[in-house]
Amino acid sequence: MNDYVIENQLAHTISQTTLANVGVRYQGKVRDTYSVGDRLVLVATDRISAFDHILRQTIPFKGQVLNQIAAFFFKATADIVPNHFIDLPDPNVTVAHKCDPIPVEFVVRGYLAGHAWRTYKSGQRTLCGVPLPEGLRQNSKLPEPILTPATKAIRGHDEDISREEILTQEILTEDVFDQLKSWALSLFRRGTQMAQERGLILVDTKYEFGKTASGEYIVIDEIHTPDSSRFFYSDTYPSLLKEDKPQRQLSKEFVREWLIEHEFMGLEGQHLPDLPDSFRVAISKRYIELYEVITGAPFVPDTSMNPVQRLENNLLSYLDMQ
Ligand SMILES: Nc1ncnc2c1ncn2[C@@H]1O[C@H](COP(=O)(O)OP(=O)(O)OP(=O)(O)O)[C@@H](O)[C@H]1O
Ligand SMILES: [Mg+2]
């Protein structure tokens with residue numbers, strides 16, 4: 001997509017929504033959610049978070065990209081695991097089954113990257129109770145994908161938690177845990193296969209599950225998006241690994257790297273830098289690139305000059321029709 005389309009959108013992003021006529025709002029870091037009866041309206045805004053902080057600047061088209069990648073994968077995996085997706089009434093909005101979220105993130109890793117690599121590098125050889133072999137390097141492929149759950153902290157950083165701890169703290173029963181684990185691994189296998197067909201490696205990702213009012217467990221939130229996952233390009237993976245060089249990747253990682261270069265890692269006393277417009281455009285391009293590579297279809301941006309108004313109109317007419 002042409003840079004000028006993105007540049008023109010810089011002043012017309014969605015930083016937040018206040019849809020008084022829709023329902024009760026909860027504001028997450030990236031999404032505004034509205035509760036409407038037994039459904040949840042999830043608005044993917046153009047906010048971006050890193051190190052658990054919301055950055056002050058928005059990213060053009062990020063919400064659309066995120067929302068549409070998640071919808072794409074929900075549709076492509078509904079045959080193996082039930083999920084919350086009902087409808088897509090606007091490029092930025094998903095209507096879903098409202099659930100009681102389970103306070104554990106089901107993180108699946110096929111490769112040793114990010115937090116898992118940092119833990120391994122510090123000398124630890126178990127992660128969330130899962131043993132890891134000797135001799136691995138940053139970004140090495142693991143013998144098989146592993147589940148490394150994390151608590152979904154209300155405030156601050158999520159923390160690793162083992163199967164043992166989840167059961168003894170009675171967060172989940174053994175049966176439910178094992179069911180969700182097997183679903184998470186099935187989704188990861190399908191995601192890996194779909195990514196591979198497009199020349200990408202699904203490195204790691206996290207899934208959230210919830211319980212519906214009728215007591216069923218389903219996948220919620222988002223899946224296989226650049227906010228929740230890491231992807232590497234397959235063709236350059238082996239040579240870069242051999243040379244111990246950083247992988248070419250499609251994810252939020254380069255935003256984290258930019259912030260680190262600007263002395264921000266989310267720690268106390270650090271100052272959150274402003275993103276220059278040129279960098280906002282660069283981030284937008286990466287998100288769009290991932291959309292196009294992973295879905296194999298061109299990204300069709302919605303370039304409304306008043307996207308919040310558009311979204312409210314679309315939602316109200318959608319809800320009216322129900
Ligand atoms: N179907 C669903 N039912 C209930 N809650 C859901 C559903 N899908 C997603 N959620 C919740 O909605 C929120 C989405 O917001 P967002 O992703 O912006 O939050 P976040 O950045 O993960 O941070 P936090 O949840 O800590 O505010 C998440 O808390 C997620 O667990
Ligand atoms: Mg989230």
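## Helix α7 and the chain around it

Helix α7 (residues 253-261) tucks away five side-chain positions by name: Glu 253, Phe 254, Val 255, Trp 258 and Leu 259 are its buried residues, where buried means under 20% relative accessible area with a 1.4 Å probe, protein chains only. Keep in mind that this is a predicted model, in which local features need pLDDT of at least 70 and side-chain atom pairs count only at pLDDT 80 or more, while totals for chains, interfaces and linings use all residues. Residues are numbered from 1 along each chain as its sequence is written, and side-chain values use heavy atoms, leaving out hydrogens and water.

**Around α7**
- The cover over the buried residues of α7 includes β4 (49-50), β16 (229-233), β17 (249-250) and α8 (277-295).
- After α7 comes Glu 263, with a positive phi near 60°.

**Overall build**
- The protein chain has nine helices and 17 strands, taken as DSSP runs (helices H or I, at least four residues; strands E, at least two) numbered from the N terminus.
- Its radius of gyration is 19 Å, which agrees with the value near 20 Å for a compact globule of 322 residues; the radius is taken over C-alpha atoms, and the globule rule is 2.2 Å times the number of residues to the power 0.38.
- Buried residues account for 53% of the 322 in the protein chain.
- Of contacts (heavy atoms within 4.5 Å) between residues at least 6 apart in sequence, 65% join residues at least 24 apart.

**Charge**
- The protein chain carries 34 positive and 44 negative side chains, counting Lys and Arg as positive and Asp and Glu as negative, without His or the chain ends.

Note on methods: Chains lettered and ligands numbered in written order. Buried < 20%, exposed > 50% of the residue type's maximum accessible area, 1.4 Å probe, protein only. Charge placed at Lys NZ, Arg CZ, Asp CG, Glu CD.
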